[in-house]
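Work through the exercises below with the sequence and the 3D view open. Each task is followed by a worked solution.

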Amino acid sequence: MIDLDKHWNDRGIMTEQKYIALIDCDSFFVSCERKLNPKLNAKPVCVVSGSRGCVIARSIEAKEMGIPMGHPLFMAEKDFPKAIYINAKHYEYAQISEQVMSLLKQFSPTVEVYSIDEAFVDLTGLSKLYKKNYYDLAKYIREMIAQEVGVPVSVGVSRTKALAKLASDKSKTMENHVCIAGKCGITKLLKATEIGEIWGIGRRLEPKLRGYGIYTAYDYVQKNDAWLKGRFGKLGLELKYELLGCQINKISTEVSLPKSIMDTKSFPEFSSDLNYLKNELMIHIHSACRKLRRADCKCKTIGVIVKTKDFQTIVEKIDMEHMTNFEFEISEYAMPILEKIFDSGVIYRSVGILLEKFNPCESEQKSLFEDTSRREKNEKLGKSLDKLEAKFGRNVVTTGFTGKVDYKQDFISKG
């Protein structure tokens, strides 16, 4: 058996005892739907990816009915007719996620947004500030998010990100949804964790580890360093020490630019009408540009995506003359691409936009000979659209293709 204290002292890794929390929103998409419509509370709810999509989130009641994740909607409605099926509202979910993350950043200066429904928070030292032990501190975070945002979360607290993730997973089965794995609780947690439950162990690696007689996280950390590094490299060795409580992977507060943004959705009804496809494409361009502006960056490359009724996917990309995050500038390039790949004899099921090659707005270099007045007006207009939607809701102002060749589409105000 490995002596954790001896390991820390011998290696000199643990210079400061850390307390890392992973806050994980419970059944996040379903929780968002219940926040938007409280009548859904305590009912079997499934969020689906679209009218021809599949189940992507389930309430506890839906899980108890036996509805599997990824079940096609047409089969789910037949097999489980008593469940409630709701099309995903990704924009609303993103807004609620921002509320959760904003609240966490007010609570602690060190927050790493890991995904739309998960965040690592460094709680080190906050116990004294809030005059609560770390268990009560975790409960306080849950209560604060429930009161201020209206969604339930689970909280796992331990010495590293890997252990906090395991603790968070265990917390979901606990009555108060809080799990603390301190020095004395790490060994117990590792013995209770199947090897496939470890963060970073994929389906392909799990059978290999079991073949070596490694069935639990505890079995994994008993292997010596040379054996692990020889078979799983540096990352495999680092995982061992993360599981032992030695912080290798620190919380990162840096916001990295996305590699790409894709916005697409299947049509309610298949279509071979070019103007219909253009209208739908403008909707996706607007949504993608809103994400770009939220990340405070611009893109150089765009691509138009179409998918036929027979599931054939066609993607054509182009580099724009200038980097931009404005709808109408992107549509100037996107609409001719759509016209080029469109075939009136083909029935289409979806259209979408792909944005790539990003740079932060602040690092943009402007040409001495470029007339920037139009671009500055466009940027102000884009920001105005975002402010209107933030105040009055999504699509209070929409952009749509009216049949004109010119990129200057009509604005249709719903307000």
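**Exercises on salt bridges**

Lysine 234 is exposed, at a relative accessible area of 58%. The model is a predicted one.

**Exercise 1.** Find where lysine 234 and glutamate 238 lie, and state how far apart they are in sequence.

*Solution.*
Step 1. Both residues sit in helix H12 (residues 225–243).
Step 2. They are 4 residues apart, about one turn of the helix.
Step 3. Their closest N and O atoms are 3.9 Å apart. The cut-off is within 4 Å, so lysine 234 and glutamate 238 form a salt bridge.

**Exercise 2.** Work out which parts of the chain the pair lysine 172 and aspartate 24 ties together.

*Solution.*
Step 1. The two side chains meet in a salt bridge, at 3.3 Å from N to O.
Step 2. Lysine 172 is in the loop between helix H8 (161–171) and strand E8 (178–180), while aspartate 24 is in strand E1 (residues 20–25). The pair therefore joins parts 148 residues apart in sequence.

**Exercise 3.** Sort lysine 172, aspartate 24 and aspartate 26 into buried or partly exposed.

*Solution.*
Step 1. Buried means under 20% relative accessible area.
Step 2. Aspartate 24 has 7%, so it is buried. Aspartate 26 has 11%, so it is buried too.
Step 3. Lysine 172 has 32% and is partly exposed.

**Exercise 4.** Name the residues linked to Lys172 in a network of salt bridges.

*Solution.*
Step 1. Aspartate 26 forms a salt bridge with lysine 172, with closest N and O atoms 3.1 Å apart.
Step 2. Aspartate 24 also forms a salt bridge with lysine 172.
Step 3. Asp24, Asp26 and Lys172 are thus linked in a network.

How values were computed: Residues are numbered from 1 along each chain as its sequence is written. This is a predicted model: local features need pLDDT of at least 70, side-chain atom pairs count only at pLDDT 80 or more; totals for chains, interfaces and linings use all residues. Side-chain values use heavy atoms; hydrogens and water are left out. Helices (H or I, at least four residues) and strands (E, at least two) are DSSP runs, numbered from the N terminus. Buried means under 20% relative accessible area, exposed over 50%, partly exposed in between (1.4 Å probe, protein chains only).
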